[in-house]
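Biologist: I should like to learn how to read the features of a protein–DNA model. Could we go through them in turn?

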Amino acid sequence: MDILTELNPAQKKAVQAINGPVLILAGPGSGKTRVITHRVAYLIRTCKVSPRHIIAVTFTNKAAKEMVERLDKLVPGSVKELTIGTFHAICAKILRIDGKAMGIESNFVIYDDDDQTAIIKRCLQELNLDPKQHAPQAIASAISKAKSTLIQPKDYVKRSRSYFEEVVGRVYERYEQMLRESKALDFDDLLMKTVLLFRKHPEVLARYQERYIHVMVDEFQDTNLVQYELVKQISDKYHNICVVGDPDQSIYSWRSADLRNILSFEHDYPDATLILLEQNYRSTKTILETASNVISANKKRKAKRLWTENDDGERTFVIEAYTEQEEAQFVANEIERLVGRSHFRLGDCAVMYRTNAQSRVLEEAFIRYGIPYRLVAGTRFYERREIKDIVAYFRLVQNPHDSVSLQRIINVPGRGIGQQTIGKLSSWAKSMGVSAYDAMQLIVEAKRNKNIDDQPFDVRSSDALARFSELMDDFVEKSQNANLVELFDMVVEKSGYKQSLKNDPDKDERWENIMELRTVAQQYRDLSPRESLTAFLESVALVSDVDGYDEKLDRVTLITLHQAKGLEFQVVFIVGVEEKLLPHIRSIDDPDQLEEERRLCYVGITRAKQRIYLVHAFRRTFMGTSTVNPPSRFLDDIPKNLVATPGWWRGDEPRVSDAVFSWNRVRVDETESKPKVSTGVPAVDLKAGDHVRHSQFGEGVVVNSKKVNDDSEVTVAFSGQGIKRLLLSLAKLENI
DNA sequence: CGAAAGGCTCTTTTT
DNA sequence: GAGCCTTTCG
């Protein structure tokens with residue numbers, strides 16, 4: 001297949017502009033991914049560039065994986081030598097290999113936000129600062145911001161201007177020290193330390209410059225200052241740097257992403273070739289126009305002319321629901337209707353929202369309707385307690401100095417090592433200038449030599465500590481010659497974790513999760529014991545939620561607007577299109593942040609290929625309290641001639657009085673829709689203990705059943721599927 | 001030391 | 001509403 005056919009002139013130009021700096025401004029759906037992959041293929045196949053001289057940076061691991069898959073078809077056999085990954089993953093690799101020059105050992109662990117907060121809390125305690133007055137989260141984000149702009153603790157302290165910054169400065173210094181003691185790096189460190197490494201050791205940088213002759217960066221609008229610096233460093237010799245982005249889709253400023261990077265690029269590389277990708281292949285004219293009208297209201301932006309040859313398509317549906325429950329109901333109902341009557345499949349539909357908290361009501365509605373769905377974030381897998389616990393054992397095996405992991409599991413499951421003992425242990429260790437882990441080994445030794453006075457603990461505590469120390473030693477020993485799965489099984493068993501789950505009310509779910517983690521570990525069993533542990537832990541630390549997202553599954557996707565960037569769906573519902581939610585209340589009084597909210601809305605709309613629904617609720621329960629939110633100001637910017645309401649959702653004036661009855665409308669006007677909603681007495685009467693069969697969930701046992709208006713809500717425990725609540729009239733349950 | 005209960009505060013978005 | 005922390009009691 002020829003690399004250049006099936007590309008439009010602008011795309012062709014982008015693929016062929018391989019020498020010197022290139023800035024590609026790519027509108028949504030303009031074939032950006034295609035351009036990047038074809039450009040790499042062009043370099044390899046036509047220009048005979050060795051794949052090992054090419055580096056491509058993506059925003060998520062999923063994007064990297066996709067690119068590898070596509071390239072494997074275009075240039076078979078080359079992908080192994082290509083460097084493709086996220087900034088964080090690439091930097092982690094660099095530091096494992098070359099970090100020693102910076103005092104970073106190759107077995108460093110990566111601390112996530114949770115670990116970071118844990119450390120900060122410990123700092124506050126040490127510095128006698130009240131965590132209630134100085135929110136650890138706020139301090140964490142201040143430190144992160146500093147690191148993203150390459151400000152080190154000393155500089156931060158020097159330039160602190162307020163009391164808060166002074167506090168942050170003090171914490172920052174101690175925080176860095178603790179990370180060093182734990183031989184750990186946080187996310188921002190991965191980037192910052194790499195830049196510092198390159199600054200301090202030009203000879204190391206030179207190696208990377210020689211290797212990566214062609215540099216490409218995707219989602220450039222969402223890079224921060226360190227990332228920009230890094231890209232600049234690596235490409236500083238050959239200047240073959242190609243960045244791709246869309247300022248209108250910049251939605252990560254809160255993560256220190258800086259739109260000015262695009263401007264800086266034009267400034268730093270005045271000879272850069274500028275390429276605009278403006279033809280949209282994804283959406284209908286109506287969707288594109290809707291989106292353009294929304295984004296055009298932003299003041300700080302360059303006007304852009306997006307166009308498409310696609311059909312006009314359906315109008316944009318703007319819906320008012322009464323509450324968030326009704327909103328979810330509408331979405332579920334409409335999806336059922338679409339899938340039943342038209343060619344759309346469940347997998348073609350996505351529901352997007354501003355905050356994760358909004359997903360719950362949607363989930364409940366889908367469960368009641370019996371519609372299979374997939375939640376992209378939710379309670380994130382790697383943030384679950386049982387997963388973090390098990391992972392902490394592995395981290396400790398890899399790096400015994402990891403104090404956060406030690407604190408986490410030293411008494412999980414309970415083995416008689418309480419707060420008192422832990423406190424005593426760390427101060428004793430500190431007084432001797434060793435890590436807590438080393439201190440515990442001293443206790444073991446003291447016991448062996450019967451020199452009990454060598455350590456300050458009573459028999460009970462010292463026994464417990466010694467036993468834990470020996471346990472960990474066993475794991476470390478195992479890790480040196482057994483494969484990862486064997487180690488996994490040993491850890492789960494011998495740590496007592498498996499046993500301790502027996503009393504856990506969520507034991508089944510937790511156990512399933514642990515087994516899922518085991519499958520992840522299995523993927524690394526071909527590597528050597530040492531390598532597999534490092535690779536496993538690194539993948540665990542750097543995954544994102546979208547990475548696990550599999551579009552082939554035929555299920556409705558529930559996803560945040562942020563995560564949806566880069567994805568596309570036939571049908572998109574954006575819910576909660578209200579003031580205080582989109583735009584979010586915390587962005588409303590800052591003009592810049594407000595513009596970002598608008599971009600977020602724009603990203604959401606432009607995900608849609610065929611149909612877009614913008615749904616808002618008149619009344620919404622926030623944190624216990626019910627509030628009335630006006631429709632989002634963004635809706636005002638959509639021309640009325642583009643907007644419609646689905647036929648069955650009548651209500652030309654969908655105001656309160658009307659909306660109250662809309663619930664009934666869903667049922668009454670539903671005649672043409674596939675599922676007939678019965679309002680009478682359910683055909684079967686189910687009670688606890690009955691065995692039932694469900695088309696999706698299989699067989700299960702009724703746990704509870706209660707009357708809801710004219711219907712019954714039945715709670716059923718399905719084998720292997722967990723407990724679901726279903727509406728009897730909708731869920732087509734069969735009594736067996 | 002650990003389990004249980006009650007009280008508190010936030011919840012935007014995430015590599 | 002939930003997760004986290006503190007308090008209380010055995």
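Modeller: The model is a predicted one. In it, 27 residues surround DNA strand B, the closest being Arg-354, Asn-356, Thr-421, Ser-544 and Met-623.

Biologist: Which classes of residue make up the surface near DNA strand B?

Modeller: That surface has 15 polar, 7 charged and 5 nonpolar residues. On the side of the DNA, sugar or phosphate accounts for 58% of the strand B atoms within 4 Å of the protein, and bases account for the rest.

Biologist: Which side chains have a polar atom by a phosphate oxygen of DNA strand B?

Modeller: Among them are Thr-560, at 3.0 Å, and Gln-563, at 3.3 Å. In addition, an N or O atom in the side chain of His-584 is 3.5 Å from a sugar or linking oxygen of the strand. The elements that give two or more residues to this surface are α18 (419-432) and α25 (561-564).

Biologist: How should backbone angles be read?

Modeller: Most peptide bonds are trans, and most residues other than glycine have a negative phi. Here, a cis bond joins Val-412 and Pro-413, with omega about 0°; Pro-413 lies in the loop between α17 (403-409) and α18. Another cis bond joins Leu-582 and Pro-583, with omega about 5°, and Pro-583 is in the loop between β15 (569-575) and α26 (591-605).

Biologist: Is Asn-128, whose phi is positive, buried or exposed?

Modeller: Asn-128 has a phi near 55° and counts as exposed, because its relative accessibility is 72%. Its place is the loop between α5 (113-126) and α6 (136-148).

Conventions: Residues numbered from 1 in each chain as written. Chains lettered and ligands numbered in written order. Predicted model: local features only at pLDDT ≥ 70, side-chain atom pairs only at ≥ 80, totals over all residues. Heavy atoms only, no water. Near = heavy atom within 4 Å. Polar contact = N/O pair within 3.5 Å; in protein donor to acceptor, adjacent residues only side chain to side chain. Helix = DSSP H or I, 4+ residues; strand = E, 2+ residues; numbered from the N terminus. Nonpolar A, V, L, I, M, F, W, Y, C, P; charged D, E, K, R; others polar. Buried < 20%, exposed > 50% of the residue type's maximum accessible area, 1.4 Å probe, protein only.
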